Amino acid sequence: MFKGLGYSLKQALVQIFRNKGMAVASLFAITAMLLILGLFFFLTVNVNFLTEEIKEQFDTIEVFLQDDQTEAQADVIRTSLSKLPGVESVEYIDKARAMEEFKVRWGDNAYLLDGLSTNPLPNSLRVKLTDLNEGDIVAEVSRNMAGVEDVRYYQTEVNKILKVSEGIQKGALVVILFLIIVSVVVVSNTVKLTVMARQEEIRIMKYVGATNWFIRGPLLLEGMFIGLIASLIALGCTWAIYARLMQAFGQQAMILLSSSLVETNFMMINLAWIYIALGISIGAFGSILSMRRFLQA
Amino acid sequence: MIIFDNITKRYGSKVALENATIHIDKGDFVFLVGPSGAGKSTFIKLILKEIEPDEGTLVVAGRDITHLSNREIPQLRRSLGVVFQDFRLLPNKTVFENVAFAMEVLHHKPRVIKKQVPQVLELMGIGEAADKFPDELSGGEQQRVAIARAIINNPQVLIADEPTGNLDKDTAWEIMQLLNQVNLRGTTVVMVTHAFDIVEKMGKREVEIEGGRIVRDTKGGIAADV
């Protein structure tokens, strides 16, 4: 195959030029597929990103102390909690600091809190977990301790979120796989038209002793080239769309989910490789598939 | 050069060729004659390895080709040249390109192709037609291009499937002269034909197939029952 690379390249370009209509049809097909695919990619990556954030945020248990507990008493509880398995550290947060953190979270609206005459927040212990699986036990133990008012631990909620995000990711994967199959079929049908038009030529090539790779070479490169162009077009479109989306909804996402979306550049660099690899593979695979029948003996 | 040893080929229950045994030596010129559907096409297809024999052993160009992998078939075909009744030239390529194409397949350098193709076209008497397209040529000229394409890679065997079938008498005879010339250069020629006048005039070996059996084989013009 490599011996005839020059020949294949030349033929591929000549063929693309001669069958402009066909090439453009394949080009659009692959571009469209990649765009839809990119959409699902964004969805998956962002969902994944948010899930990780959530996981990180919820690996803590907040143990609220009764108001009559002194700091010394709190320290006793702290020591016993930090000895439990799966606990990384326990930090004492007094009312004042709790209020500060609260204000930070409220951001621009923090001035509303200034109107409070007394600080309603309790002193608390913040338990950081190393193992989320131990969370339930740690929460239960702390709940039953003397001096503990209440325990806040969102494990069930976190599990629900994790399940939903897993579902979204699996769904997206199925859709992506389906799209890849569809685009291979579309491309293979388009290339098949080219191959059919050249059936006689292929037959004669075989009579003079051309190997299958010699015949396949130009068509394969043709498919790969179309795939490459399609991936570049799709990449450009996605970039424009995503940058715009970030501009429009980035802020809202921040407020709603208290977490940012994945950054444009990071997204694009990863997507570029996926698009190019997929585009070229779809083009190549489509070509090979369409030729299979014509190359037998 | 070509040895059929008890070759049998069936299509389903229909026997196309039965226990065919024949030796064709290097440099032979053999006519394959017989009614339509007698098995001549099967004979040619077996040599070209378009089909596999069901029984027997087949040797072509010193090589046992009874069973070849898909990978080995192109190698075999490079030692064969083929000419068809309907010429089978590529209509969107010039005469030069049609012949050059057979060399490109073998990865010859453009420089070598540019030198050899005109020589062979000249040999076939169509040197001036190099830049024309097939539909600008007469039937006889097209067949000359086809022969040029078949012999450009110096095949050991030239297979001609009714090469004169679409040509008038005089043109047919010219083509026969060319095939004879190719044969004189040492290439074995196997030609399928219905044109008995040509067979008679040429006075070469005849192999007659009827109902899938070889019923007659004359060697050196002398009839010998097989």
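1. Chain A holds an open sheet of four strands, in the order β2-β3-β1-β4, with antiparallel pairing. The edge positions belong to β2 (87-93) and β4 (148-152) of chain A; each has a single partner strand, so one side of each is left without a neighbour in the sheet. On average, neighbouring strands of this sheet are turned by 20° against each other, with direction ignored. This, like everything below, refers to a predicted model.

2. Within that sheet, strand β1 (residues 60-65) of chain A pairs with strand β3 (residues 124-129) of chain A in the antiparallel sense, over five bridges. As a point of register, A:Glu62 stands opposite A:Arg126 in β3(A).

3. In chain B, strand β9 (residues 205-210) pairs with two strands that deserve separate mention. With strand β3 (residues 29-33) of chain B the sense is parallel, over four bridges. Here B:Val30 stands opposite B:Arg205 in β9(B).

4. Strand β10 (residues 213-219) of chain B runs antiparallel to β9(B), and five bridges join the two. In this pairing B:Glu206 is placed opposite B:Thr218 in β10(B). β9(B) and β10(B) form a hairpin with two residues between them. In the turn, B:Gly211 has a positive phi of about 55°.

5. On confidence, chain B has a mean pLDDT of 91, and 97% of its residues reach 70 or more. Among the elements of chain B, the highest mean pLDDT, 96, belongs to strand β8 (residues 188-192). The lowest, 48, belongs to strand β11 (residues 222-224) of chain B. Over residues 220-226 of chain B the pLDDT is below 50. Beyond near neighbours in sequence, this stretch has eight contacts in the model.

6. For the complex, the predictor gives an ipTM of 0.81 and a pTM of 0.65.

7. How many residues of each chain are in contact across the interface? On the side of chain B there are 12, in contact with 14 residues of chain A. Two helices of chain B, α2 (73-78) and α3 (95-104), each supply at least two residues of the side that touches chain A. Of the elements of chain B, α2(B) gives the most to this side, with four residues. By residue class, the side of chain B that touches chain A divides into six nonpolar, one polar and five charged residues.

Definitions and conventions
Residues numbered from 1 in each chain as written. Chains lettered and ligands numbered in written order. Predicted model: local features only at pLDDT ≥ 70, side-chain atom pairs only at ≥ 80, totals over all residues. pLDDT = per-residue confidence, 0-100. Contact = placed C-beta atoms within 7 Å. Pairing = 2+ DSSP bridges. Axes fitted to C-alpha atoms, helices over the stretch in contact; angles between N-to-C directions. Nonpolar A, V, L, I, M, F, W, Y, C, P; charged D, E, K, R; others polar.
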